[in-house]
Amino acid sequence: MRRFLMAITLSLITSCHLSQTPSDNSVKISPIPEIPRQELTENITENIEKKIDGIPRTLKINMTLTSPDDLRIKPGELVKAGQTLSDRVSEKRSLLEKKKLLEISLEQVSRKIPEPLKPLSLPNMPKLPEANFSKEEAVIKKAEMSLFEKGEIVKKQKKLIAALDSLEKGDIERDAIMHEQGKLAIFELKYLQSKVNLESALASLNSAKADRKYEEYKHSLEQQKRLLELQRQKLSYQEANSKYIENLRQQEFRKASINTQIATVEEKLGSLVAVTSPFDGKIRKINYESQNNNYILATATLDTTEATT
């Protein structure tokens, strides 16, 4: 086919050159410069080699690899349009594992932080009943009356004995005086007993008053303890609430950080597209052009003419 096109082209050029012989009466026409056979052949060959039906004869396909194992082709291999030429599977796997770990971390970080318990309101402290010493005072009053009565009896008995003693003392008088003196001794003993009872009643009153003061003291201490407990609970709640707010702030910061990392990983995953062949053909060669950090730039040369042979 190439030889046929070249022959036709040369034939047309030669015939045009021979038919244009100059005459004296005709307008002189500048001769068409002859195109060198080699240049014409190269141009035709170049045009033919570039495209056939709009498809390039050869196509260089650039691929970015993390390792040579990412290649899915080898030189001399026939490929179909849409067939995968390279795929960074190991990098995808690493990114997917990283994303999974980040999602687990995000789930853990997103757990609800318990709020601190508010301080409980303590029940009102019951008031002490009014002081009442009526019982003790009644006993004292009764003891005082008894002591007074016994004292009067003793006085009367002493007057009686004094009156009998002023009389002439016969046997009868002496016996009567001794009898009354015996009674006086009993009255005096009862008087002393009443006096002891009065002192005991007074002591009971004093003891009751002392007990009342002690109860009031304990009641006052209890009130102070309750106030201190309320203050302690309030301070404890404020501290726990401040810590709770700080934990919420740190939680949101960590969540935002992890979400940013997940978005970065997803963006990288989205950029890791597999390189596919646009046409049927044969892989002539694969060149490793350069390396940038951990990435390798490779170029595969695809010969589309081999697909039809």
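Two strands are taken to pair if DSSP finds at least two bridges between them. In this predicted model, strand β4, residues 78-79, meets that condition with β7: two bridges join them, and the two strands run antiparallel. Within this pairing, valine 79 stands opposite glycine 281 of β7.

On β7 there is also a pairing with β8, again in the antiparallel sense, and here nine bridges are found. One of the bridge pairs links glutamine 291 to isoleucine 296 in β8. The two strands form a hairpin with two residues between them. Asparagine 293, in the turn, has a positive phi of about 55°.

The same region leads into the interior. The largest nonpolar core holds 13 residues, and those touching the most other members are Met63, Leu65, Ile73, Val79, Leu85, Ile283 and Ile286. Two or more residues come from each of β3 (58-65), β7 (281-292) and β8 (295-303). Of these elements, β8 supplies the largest share, four residues. Valine 79, described above as the partner of glycine 281, is thus also named among the core residues with the most contacts to other members.

Isoleucine 286 illustrates the surroundings of one core residue. Leaving aside residues up to four places away in sequence, isoleucine 286 touches Leu71, Ile73, Lys74, Pro75, Thr299 and Ala300. A second core, separate from the one just described, has nine residues, including Leu95, Leu106, Val109 and Ile262.

Aromatic rings remain to be considered. A search of the whole structure finds zero aromatic pairs. Phenylalanine 133 nevertheless has lysine 209 over the face of its ring, at 6.0 Å from the ring centre.

How values were computed
Residues numbered from 1 in each chain as written. Predicted model: local features only at pLDDT ≥ 70, side-chain atom pairs only at ≥ 80, totals over all residues. Heavy atoms only, no water. Phe/Tyr/Trp six-rings, centres within 6.5 Å; stacked < 30°, edge-to-face > 60°. Lys NZ or Arg CZ within 6 Å of the ring centre and 35° of its normal. Core = buried A, V, L, I, M, F, W, Y, C linked by side-chain atoms within 4.5 Å. Buried < 20%, exposed > 50% of the residue type's maximum accessible area, 1.4 Å probe, protein only. Contact = heavy atoms within 4.5 Å.
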